Every structure is written in C-alpha cells, then in structure tokens.
Amino acid sequence: MPASRRGSGSVTLPTGQTIAIHTRTQDEEDLPHATKKTMADHLRKYDSLFTLTPQRMRMIVEAFTETLELGLNKPNQIVPMIPTFVFGWPSGKEIGDYLALDLGGTNLRVCLVTLQGEGKFEITQTKYRLTEEQKQEDGQKLFDFCAECLKTFVDTNIGEGPGQLKPGQSLPLGFTFSYPCSQERIDHGELIRWTKGFGATNTEGRDVAEMFKRSLEKYQLPIQLTALINDTTGTLIASHYVNPRTKIAVIFGTGCNAAYMEHVKDIGKIADLGIDPAAEMAINCEWGAFDSFEHEHLPRTKYDAVVDDTSNKPGEQAFEKLISGRYLGEILRLVICELIDEGVLFLGQNTYKLEKPYCFDTAFLSLMESDPTDELLMVIGIFTHFFALETTLAERQFFRALAKLIGRRAARLSACGIAAIVSKQGYLEEGCSVGADGSLYNKYPGFADRVHEGLQDIFGDKGRNIITHHAEDGSGVGSAIIAAMTKNRKDAGLYLNV
C-alpha cells in the first residue's frame, strides 16, 4: 500500500461554523491528479490574464478621468456624476442634535447624532428589521413603516440626560436613501429604479422625499426632512469632519462607488441654476458604471464576460463587476470549472456542487489568502465542507495563488478609480486622505496595501501622498452632519431653491 499523510486542524467558515479537519491525503501516484508542474503551467497563463501592468493602469486612469469630466458636463451619461446639493465641507463647528434615517438593504437604522464640534460626536442608534414583504409592498406603506420606527425611536429616547431628546424638541433629519435618484435639490429625489432586492410598488419615478414627508405628517412627528443623501456622500462628509485631510470617499463592498468635492464652475450641466461658480459641491460619482456597454478600457477576461452576460443587467456596471465582493468568488469559480472541463482538476470526483453559479463566496478567497498553515488546512476545509472535494497540496497552492491574482486585480483597478479623481482635482502634490469603507476594504487581507501599491505604480513615489483610511459612518453620522450643514445654509439664506 502506498504511504499516506495525515493533517489536522480546525477552520472557521464564513457561516461562523468551526469545523475540525482530519485529512488523509494519499500519495500523489495513487489518485488521478494535477501535478505541481501542471498547476504551475496553468498559473502562468492566469498570471498574464489577471495582472495589470503600471502602463495599462495609467491608460485606464486617463480614460477614467475623461469619463468623469463628461459626466460633469453632460446629463444622462454612463457615469452620471450626480450633483448632491451638499455645499462645501463641514466647518467642524456644527453642533446640536440631529436625526438620521438609513433605509438599507436589510435593516432600517435610526440614529440620534449629537454633534459636539471639532470632529467629535455621540451617536445613539436602533436597527429595525425589514421583511421581504415590506420591500415589495406599496411604497407609501414602506415609508409609513419608516415613520413608525422613527416615532418609536423618538418616544424611547425622550429624557433629560445626554444622548436623549428633550420633550417636544423639533429636529432636522438626514435621510440616507442609497438607491439611484435624480435630484433637483437636496430635500428631493425622484427614484430612478430600486436595487438591492427592493421592488416597492408606486415608487419608481416619484419623489421619495415627498412620500416620506407625508408619512411624517401622518405620525405627527416634529421632524423636518432636511436632506436626502447617498451613503457615499455621507461617508465623504463624515470622514472629512473627523479628518480634514479627507478629500475623497470610496466604498468597496458588494458594490463600489466614490464621492468627492467639485468646484461648481466645473459642473457644466448645472450652469443654469445660478449657483456661485466659486462654490463647491459634493459629487456622487456612481462610478461602478465606468466602461459599461462599450467595454473599451477595462481588461476584461472571458470569465468577466460570462459574469456580465449571465448577470441580471448585462452590459451595465462594468467596473463594479471586476472589483466588487459580489463577483470575485464567481470569477474564481469559472476558472476552476474551466479546468474541470479540460480534465485538469478533480478527476474521478463528483464536482456538481461547484457548478452552481455564485456558490463560491468571495469570503472563501479571503480565507484562502490568509491561510497560515503549510498544508493549507483552510483551503482543505472549504473544498471538503462545501463541495465534498478532496484536494492535493499542489491544487491548494494553485487555488490560493489564483485567489491572490483576482483579489490583487480588484485592488489595482480600485486604485485606478482613486487615481482618476486625484489627477482630475490636482491632489497629488499636496496629497490627501481617502475615506474607504465596505467589506472588501475592511475584511479582505492585503486589499488596502494593494491599493496603495497600485497608486505608487500609477504615480511613482508621489503615490505615497495618497493614503486610504477606514471611513466614518456615512449613513448615520454623515447624514446628520449634512442635515446640520443644510439647515445652517438655509438659515443663512443661501441657495434656497436647491
């Protein structure tokens, strides 16, 4: 009988389960398998497919910058560059109690934010679970539920202590509504389309701010809806409030987006609104759509094309599909499936569990990259527990290297987006901070380091002047700060029509 090796350990999976692993890996002559040399040959092919050279990155940045300019000057562009009517940076002197309401994909969150000035704040918050029925029922009912939760929160937090509302106190509210809206002013937003699994009827094409105000009146709440904002814009303002070197905010999670502060004189499409050209306004880029439809600039592989073709919106969100946590695991799964079809991997084993689209979670890539063991026990755990597949060490090393290539490409493309805003705004010499949030940025090992490496490949040593940091809570704190800024602006009689 051939010799066998034993390995053991435990693995914590994305589901939170900890599983014990006892493996018996037979000698490689005993099973049909991919040898170390075979896997190394394949890895070279994928290395060339997924690696972005500094020269290619600089070409992408140039095209990206032109796209940003186009979106600022013409309406209805692929990257829409949405004016937010958030004017300028917070002064740091904003103080007082403000409410924030965040209608997320899973929860409704209500916050009481006490701004204390100089970048300091206190926050009290409660989350309310949204049912699948509420996401699909009549839109007015959905906003009634939001108002009902707000009333419960207010009633619960009335008192005389710190972090409490005074009886009868009237408060401004910032409403984080992160679904595509066209805005003509800050307290207005016409819903273009629902995303994130929502489908509430009688809402698309209507002013969601007006619908919510109607619900506030119904529940007789002493609250004024002051600002309707996108979470990325809130992230920009909250991060600058705490760290004034912050000039850009980015989200790298299930989706991807960016916001930054633009000179009104450079937003050609709102020239007719009569706003002081010297003023500044935050722009919500919605940059996940970069290079959609035409696919002229991004380095799409055949695997990316399959992800796009089989998505619910083919052709759209081209940049997002190469970067976001929603898609990275699927890209890796498609490569593995191709090698199975070519007779390279898992010979003699049943691979049907790997054939289901999106069964390979992006969290698996994180786990594979961070596996500290020589035998790669984490990788063993993933393939045995979820897919009932035995792996050789050569295969596991290949899977980890492939995960690294796909994760690194996502980070380097993310750096291209940041670099486009930096180039356009001339931030390179003096440098700036970038407030970054989202599951990829926060949880994927080495993602932030690879973004910084990418910025240096694009800009040379000066790329070190651009530093990302964990962003502040945009949908809570940022929303409240924007409500405060908007109230102060309107009290001062500035731009009352927007």
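This report describes the overall dimensions, two helix contacts and the internal spaces of a predicted model.

**Overall form**

The protein contains 15 helices and 15 strands. Its radius of gyration is 25 Å, close to the 23 Å that the globule rule gives for 498 residues, so the protein is as compact as a globular protein of that length. The C-alpha trace spans about 85 × 50 × 40 Å along the principal axes.

**Helix contacts**

Helix α2 covers residues 54-73 and helix α14 covers residues 447-459; they pack at an angle of about 85°, and their axes are 8 Å apart. Angles of 65 to 115 degrees count as roughly perpendicular, and therefore α2 is described as roughly perpendicular to α14. From α2, the residues that meet the other helix are Pro54, Met57, Arg58 and Val61. Their partners in α14 are Gly454, Asp457 and Ile458. By class, this contact of α2 with α14 has four nonpolar residues, one polar residue and two charged residues.

A second pair is formed by helix α10 (residues 362-369) and helix α11 (residues 377-387), whose axes come within 8 Å and cross at roughly 150°. An angle over 145 degrees counts as roughly antiparallel, so α10 is roughly antiparallel to α11. On the α10 side the contact is made by Phe364, Leu367 and Met368. On the α11 side it is made by Met378, Val379, Ile382, Phe383, Phe386 and Phe387. The contact of α10 with α11 consists of nine nonpolar residues, with no polar and no charged ones.

**Cavities and a pocket**

Rolling a probe the size of a water molecule over the atoms shows where empty space is left. The structure holds three cavities of 30 Å³ or more. The table lists two of these cavities together with one pocket.

| Space | Volume | Nonpolar lining residues | Polar lining residues | Charged lining residues |
|---|---|---|---|---|
| Largest cavity | about 140 Å³ | eight | five | one |
| Second largest cavity | about 50 Å³ | two | no | four |
| Second largest pocket | about 230 Å³ | five | four | four |

The largest cavity has a volume of about 140 Å³. It is lined by 14 residues, of which Cys181, Gln183, Ile229, Asn230 and Asn284 are the closest to its centre. Strands β3 (82-87) and β10 (223-229) each supply at least two residues of this lining. The largest share, three residues, comes from β3.

The second largest cavity, with about 50 Å³ of space, is lined by Arg300, Asp304, Asp308, Ala318, Lys321 and Leu322. The elements giving two or more residues to this lining are α7 (302-309) and α8 (318-323). Helix α8 provides the largest share of the lining of the second largest cavity, namely three residues. Four residues of this lining are charged and two are nonpolar.

The second largest pocket holds about 230 Å³ of space. Its lining has 13 residues, and the closest to the pocket centre are Thr67, Leu70, Ile78, Asp291 and Glu296. By class, the lining of this pocket has five nonpolar, four polar and four charged residues.

Methods
Residues are numbered from 1 along each chain as its sequence is written. This is a predicted model: local features need pLDDT of at least 70, side-chain atom pairs count only at pLDDT 80 or more; totals for chains, interfaces and linings use all residues. Side-chain values use heavy atoms; hydrogens and water are left out. On a 1 Å grid over the protein atoms alone, a cavity is a set of points where a 1.4 Å probe fits but cannot get out, and a pocket is an open set with protein on both sides within 12 Å along at least five of seven lines; lining residues have an atom within 4 Å of a point. Grid points are joined across faces, edges and corners, and a volume is the space filled by probe spheres set on the points. Ala, Val, Leu, Ile, Met, Phe, Trp, Tyr, Cys and Pro count as nonpolar, Asp, Glu, Lys and Arg as charged, and the others, Gly among them, as polar. Axes are lines fitted to C-alpha atoms, for helices over the stretch in contact, and angles run from 0 to 180 degrees between N-to-C directions. Helices (H or I, at least four residues) and strands (E, at least two) are DSSP runs, numbered from the N terminus. Angles under 35 degrees count as roughly parallel, over 145 as roughly antiparallel, 65 to 115 as roughly perpendicular and the rest as oblique. Contact means heavy atoms within 4.5 Å. The radius of gyration is taken over C-alpha atoms; the globule rule is 2.2 Å times the number of residues to the power 0.38.
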